[in-house]
Amino acid sequence: MDTESTHSGYSYHSSRSGRSNRHGDRSRERHKASSKDSVRSERSVVINPPDTPSQDSPIHNGEPLPGEPTPTAEQEDEAQDDNWGETTTAVTGTSELSISQEEVVGLGKGLHDRTQGFQRYLPVAVGLCVGLLVLATPLTFLLLPAVMWPDRLQACGAACEGLFLSIAFKLLILLMAMWALFLKPGRASLPRVCVYRAFLTTLILLLTMSYWLFFGVRILDAQDEDYHGIVQFAVSLVDSQLFVHYLAVVLLELRHLQPCYSVRVLRSTDGETRHYNIGQLSIQKAALSILEYYYRDFPLHNPALLSASKHRAAKHLAGLKVYNVDAPGNTAGAQPSNGNQSRAMVTAAAKRKDSAHNELYYEEADYERRVRKRRARLVVAVEEAFTHVRRMKKEDERATPSDIMDVREAALAIFPSMARALQKYLRTTRRQHCHSMESIQKHLAFCLVNNMTPKAFLEAYLAPGPTLQYGPERWMADQWTLVSEASVTGGVKEGSEFLLKCLDFSLAVTIKGIPYIRLTEEYIDPKSHKFILLLQSETSV
């Protein structure tokens, strides 16, 4: 028995060492092939698995036991299996370089904010550089000849000095026009470059470079002595720049003013719909205009209002039960009873389905009744609070200046009398997340300072307002995605459709062309309105 066990143990170790040798050969070949390219490759972080003790080289906690030889690198490669990533458990610990998941998210958010700031101010920086080049070029044309060959220049007469005055005022007008049109922060970051802006920038650069080439060849190389002609050359450049700016005003500001299309905007969650008229715009510019209209006109998106319909659907589905009559566990005698029970449940579900509209009707009626009840209580509470403020204001007029209460203190004093009614109303209408206590107290103080009525105070809470009425933290949509089959730099057309998606909902946009209206005139002769009244003598007066 001892011989057999020793032999079996030896054969086991020999076969295992043979397999490890074959795996080690393949791993050494891959290691040699990859080591040549590792020098030129990018830096990477490799997490090696801990060594596991074996009978050949027992190791404890990464160190060999006393009296055992230290394994070399080749022996470690031989002992490593091909599928070590699937069969090895990596033991990790806390080090000085370890960071948490929140820190990783913070690093990504900081990088994203810096990228957004760079994208926002990049067009302004490019416009500033182009503007400086445009303004400095005519002045350079006037200064270079006076600096490089001043002795050979002809005298500048009265007409030449008048051109100096013309250049000064034209450059001042051009500077103000460029500041008003180009040097302003962008309203949004678009997915693509604006075609017209890129065209105008290219055009002004080509114009400036053409004048520079002509100036270098015909004036600098020849050292022209006619300074009056040089000044006229600079004046022609300024005139060309003014015409390019006029073209920019037409393309960027005036072209899209005339309405050409009717846009239908549909919110995906609650079906809120608005219609707008737009002009000749690209798809990304039209999307930007629609988002501006959305924040101004659409009521705030409230996901809490959608929970009622979901709860009703879940309640309806909870009453439907499905039975497997032919299940293996059921006996032949139990199948008829299960079949009768399933038919009874299907019949009850059908009856419940027929009465679903009644449940919806009574549920909506009960909700409207509760809203009217909470609203009446809120109106009464606010009116009593404002009446108390007016009464205290008359008493303060007769009081000493030291006893007069500040507006902020008055708002804090009367707020508890209406807080409970306002809180219950906002919870009933599911808008309690839209208003914080601080914002309500600030709005109340504003109404008291400006001597507003209770109805003016309640206007912000009785009906949902537009999205911009609330803070940015309530919008829940700070980044939008434009989904369009057509190119976003192309113009909108009849029947164009695209989607504006955010985190919780999307806006479906459909574009229809405004029809051509034929208006005719029908002339009515003024004499046709005249008539004669004949009175008889026996007619009673």
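**Charges and contacts in a predicted model**

In this predicted model, a salt bridge links the side chains of Arg369 and Asp366, with N and O 2.8 Å apart.

Student: Nice place to begin! About how much of the helix separates Arg369 and Asp366?

Tutor: Both residues belong to helix H11. They sit three residues apart there, so the separation is about one helical turn.

Student: Which residues are joined with Asp366 into one network by salt bridges that share partners?

Tutor: Asp366 meets Arg369 in the salt bridge at 2.8 Å. The side chain of Asp366 also meets that of Arg370, at 3.2 Å from N to O, and these two lie four residues apart in helix H11. Through shared partners, the network joins Asp366 with Arg369 and Arg370.

Student: Is Arg369 buried, partly exposed or exposed?

Tutor: Exposed would need over 50% relative accessible area, and buried would need under 20%. Arg369 has 43% relative accessibility, so Arg369 counts as partly exposed.

Student: Let's move to another pair. Asp270 forms a salt bridge with Arg267; is Arg267 buried or exposed?

Tutor: The closest N and O atoms of this pair are 2.8 Å apart. Asp270 is partly exposed at 39% relative accessibility. For Arg267 the relative accessible area is 1%, and the cut-off for buried is under 20%, so Arg267 is buried.

Student: How many salt bridges does the count come to?

Tutor: Good moment to ask, with some of them now in view. The Asp270 and Arg267 pair is a salt bridge, as is the Asp366 and Arg370 pair. The count of salt bridges comes to seven.

Student: Which helix gives the most to the positive surface patch?

Tutor: The patch is formed by Lys373, Arg377, Arg420, Lys424 and Arg427. Two elements give two or more residues to the patch, helix H11 (356–398) and helix H12 (407–428). With three residues, the one that gives the most is H12.

Student: And Arg420, is that residue buried or exposed?

Tutor: Arg420 is found in helix H12 and is one of the residues forming the positive patch. Its relative accessibility is 60%, and the cut-off is over 50%, so Arg420 counts as exposed.

Student: One last stop at Ser262. How far apart in space are Ser262 and Ile278?

Tutor: Ser262 lies in strand S3 (residues 261–267) and is partly exposed, with a relative accessible area of 25%. Beyond its neighbours within four places in sequence, Ser262 has contacts that include Tyr276, Asn277 and Thr510. Ser262 and Ile278 are 16 residues apart in sequence, and their C-alpha to C-alpha distance is 6.5 Å.

Definitions and conventions:
Residues numbered from 1 in each chain as written. Predicted model: local features only at pLDDT ≥ 70, side-chain atom pairs only at ≥ 80, totals over all residues. Heavy atoms only, no water. Patch = residues over 30% accessible without salt bridge, like charges linked within 9 Å, V, L, I, M, F, W, Y side chains within 5 Å. Areas by Shrake-Rupley, 256 points an atom, 1.4 Å probe, with all protein chains shown as cover. Salt bridge = Lys/Arg side-chain N within 4 Å of Asp/Glu carboxyl O. Lys, Arg positive; Asp, Glu negative; His and termini not counted. Charge placed at Lys NZ, Arg CZ, Asp CG, Glu CD. Buried < 20%, exposed > 50% of the residue type's maximum accessible area, 1.4 Å probe, protein only. Contact = heavy atoms within 4.5 Å.
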